[in-house]
Amino acid sequence: MVIQYGPLPHVEDNQRTRGISEKGRGRTMSIATQIRHLATWKPIQTGEEAPPLSLTADEGTWVKLLDFRGHINVVLLFFRSLNDDATDEWLKSYHQQTDQFEKLKTVVFGISTYRTDKLRDFRSSLGLDFFLLYDPLGIDSRGFRASSR
């Protein structure tokens with residue numbers, strides 16, 4: 001699921017606004033500029049390089065997207081609810097295609113803001129073969145334009 005952000009109300013840049021360094025450019029962006037930047041993100045396009053991702057799996061290991069680059073394809077499933085029949089069916093539909101994903105050298109991960117213990121129980125209740133990753137603040141999900149948090 002990809003969520004596109006709508007435009008925010010106009011916010012004036014302010015010289016006194018605390019800023020952070022813009023990676024690799026040696027300058028700072030005000031918070032207002034950062035908010036406008038987040039609000040205008042477009043969904044990632046096919047072939048576009050994925051943003052960095054490093055999250056904890058429901059069974060306790062770290063998963064880094066960079067470790068898969070160049071030799072294994074990755075499918076990321078962003079979801080919000082553990083109490084929604086539509087989400088359950090959607091995740092199960094990917095589970096049912098496990099053999100096809102393996103033939104294509106592809107791994108599947110679900111991503112949510114629920115804690116690992118909740119994700120582990122949820123995965124077990126659905127009988128999913130793929131791991132669910134914990135994105136505590138939704139920061140990595142925002143990097144993929146998949147969070148409205």
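**Exercise 1. Determine which elements the buried residues of helix 4 pack against, and where around the helix axis those residues lie.**

Solution. The buried residues of helix 4 pack against helix 2 (85–95), strand 6 (106–112) and strand 7 (132–134), where contact means heavy atoms within 4.5 Å; helices (H or I, at least four residues) and strands (E, at least two) are DSSP runs, numbered from the N terminus. This is a predicted model, in which local features need pLDDT of at least 70 and side-chain atom pairs count only at pLDDT 80 or more, while totals for chains, interfaces and linings use all residues. Residues are numbered from 1 along each chain as its sequence is written, and side-chain values use heavy atoms, with hydrogens and water left out.

Next, identify the residues themselves: within helix 4 (residues 116–126), L119, F122, R123 and L126 are buried, buried being under 20% relative accessible area, exposed over 50%, and partly exposed in between (1.4 Å probe, protein chains only). Because they cover an arc of only 100 degrees around the axis, they sit on the same side of helix 4, the arc being that of the directions from the helix axis to the C-beta atoms. On the other side of helix 4, D121, S124 and S125 are exposed. Finally, helix 4 is followed by G127, whose phi is positive, near 70 degrees.

**Exercise 2. Find the salt-bridge partner of R123, and state where in the chain that partner lies.**

Solution. A salt bridge is a side-chain nitrogen of Lys or Arg within 4 Å of a carboxyl oxygen of Asp or Glu, and R123 forms one with D58, with 2.6 Å between the closest N and O atoms. This pair links distant parts of the chain, since R123 belongs to helix 4 and D58 to the loop between strand 3 (54–57) and strand 4 (62–64), 65 residues apart. Both R123 and D58 are buried.

**Exercise 3. Describe the salt bridges that K92 and R115 form, and classify the exposure of these two residues.**

Solution. Begin with K92, whose salt bridge with E89 has its closest N and O atoms 3.9 Å apart. Because K92 and E89 are three residues apart in helix 2, about one helical turn separates them. K92 counts as partly exposed, at 27% relative accessibility.

Turn then to R115, whose side chain meets that of D117 in a salt bridge (2.9 Å, N to O). R115 is partly exposed at 46% relative accessibility, and D117 is likewise partly exposed, with a relative accessible area of 29%.
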